[in-house]
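Hi,

Here is the structure I promised to pass on. Have a look at it first, and then read my notes below.

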Amino acid sequence: MNSGYLSLILLCITLILFASGWKELYIRSISHKGMLLFFVSWIVFSRFTVTIQHVQVGLVYVCVLLISLGILYKTKGFIHKLHLLSIGLLLGSLHFLLQQLLEMDPILIVRNSEWDTALLLAVVALVLQRSAWEQIAALSIGYLLGDMYQAGIHPVDGYHYVGKATFQDQWWLSVFAARTMTIILQSAYNGCRSIIRSWMDRRGGWKK
């Protein structure tokens, strides 16, 4: 599959899920106008780049940057903001490290290096953060930094590229996987807790 197609496929799947009533599970407290603005902006920005000296910036990179800044701004408490930023810095470093390791040792690759990295970052984000918005912010900061590191040491034809199609695919795969795994784990936890509580109630009833 060519780079860029995965992000469009996941975007369409997300739109279908949101239209089917899954929005409250994936992302709460977002208006339909805000959601529509995000999807339209992504589709439009994904087609354009700007060149600043020897750096080519995909406008999606700017879109993800604005999302990160917006979530950081709305996060309450300086310590909480700092904690979220530190998770993003960790994910950015892991992104760069994993990309380098998989390029040096291809035997570690399961599907391809970009998808493997995206899924591993989703698992790390899931372990470190459960909140939807904070997961998205941490992953976004991680990808902004990781892509910048990667572009800095791997110029192409004398240009440094950030926000290209691979960046879009990885961001969408990580965010979608992190939110889906979070929902599955929360549902499993709530289900097990209900079963145990019901079992304890019955056991208590039998003792009486």
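Before the aromatic part, one definition: rings of Phe, Tyr and Trp (for Trp, its six-membered ring) pair if their centres lie within 6.5 Å. Planes under 30 degrees apart make a pair stacked, over 60 edge-to-face, and the rest tilted. Also keep in mind that this is a predicted model.

With that rule, a search of the whole structure turns up 16 aromatic pairs. Take phenylalanine 38 and tryptophan 172: their ring centres are 6.1 Å apart and their planes sit at 45°, so this pair is tilted. Phenylalanine 38 belongs to helix α2 (residues 32–45) and tryptophan 172 to helix α7, so the pair ties together parts that are 134 residues apart in sequence. Are these two buried or exposed? Phenylalanine 38 is partly exposed, at 21% relative accessible area, whereas tryptophan 172 counts as buried at 4%.

Now try tyrosine 143 and phenylalanine 167. Their ring centres are 6.4 Å apart with the planes at 90°, so we call this pair edge-to-face. Tyrosine 143 is in helix α6 (residues 132–153) and phenylalanine 167 is in helix α7, so here the linked parts are 24 residues apart in sequence. Tyrosine 143 is buried, with a relative accessible area of 1%, and phenylalanine 167 is buried with a value of 1%.

Ring pairs also build a cluster, and you'll recognise some names: Phe18, Trp22, Tyr26, Phe38, Phe39, Trp42, Trp171, Trp172 and Phe176 are linked in it.

While you're in helix α7 (residues 165–207), find serine 174. Serine 174 has 0% relative accessibility, so it counts as buried. What does serine 174 touch, leaving out residues up to four places away in sequence? The answer is Ala118, Leu121, Ala122, Leu139 and Tyr143.

Then there's the sheet. Strands of a sheet pair through backbone hydrogen bonds, either parallel or antiparallel. This one is an open sheet of 3 strands in the order β1-β2-β3, with mixed pairing. Its edge strands, β1 (49–52) and β3 (160–162), each pair on one side only. On average, neighbouring strands are turned by 20° against each other, direction ignored. β1 pairs with β2 (residues 55–58) in the antiparallel sense, over 4 bridges. To see this up close, look for valine 50, which stands opposite valine 57 in β2. Helix α3 (residues 59–74) packs on the sheet and touches β1, β2 and β3, its direction making about 65° with that of β2.

Cheers

How values were computed
Residues are numbered from 1 along each chain as its sequence is written. This is a predicted model: local features need pLDDT of at least 70, side-chain atom pairs count only at pLDDT 80 or more; totals for chains, interfaces and linings use all residues. Side-chain values use heavy atoms; hydrogens and water are left out. Two strands pair if DSSP finds at least two bridges between them. Helices (H or I, at least four residues) and strands (E, at least two) are DSSP runs, numbered from the N terminus. Axes are lines fitted to C-alpha atoms, for helices over the stretch in contact, and angles run from 0 to 180 degrees between N-to-C directions. Contact means heavy atoms within 4.5 Å. Buried means under 20% relative accessible area, exposed over 50%, partly exposed in between (1.4 Å probe, protein chains only).
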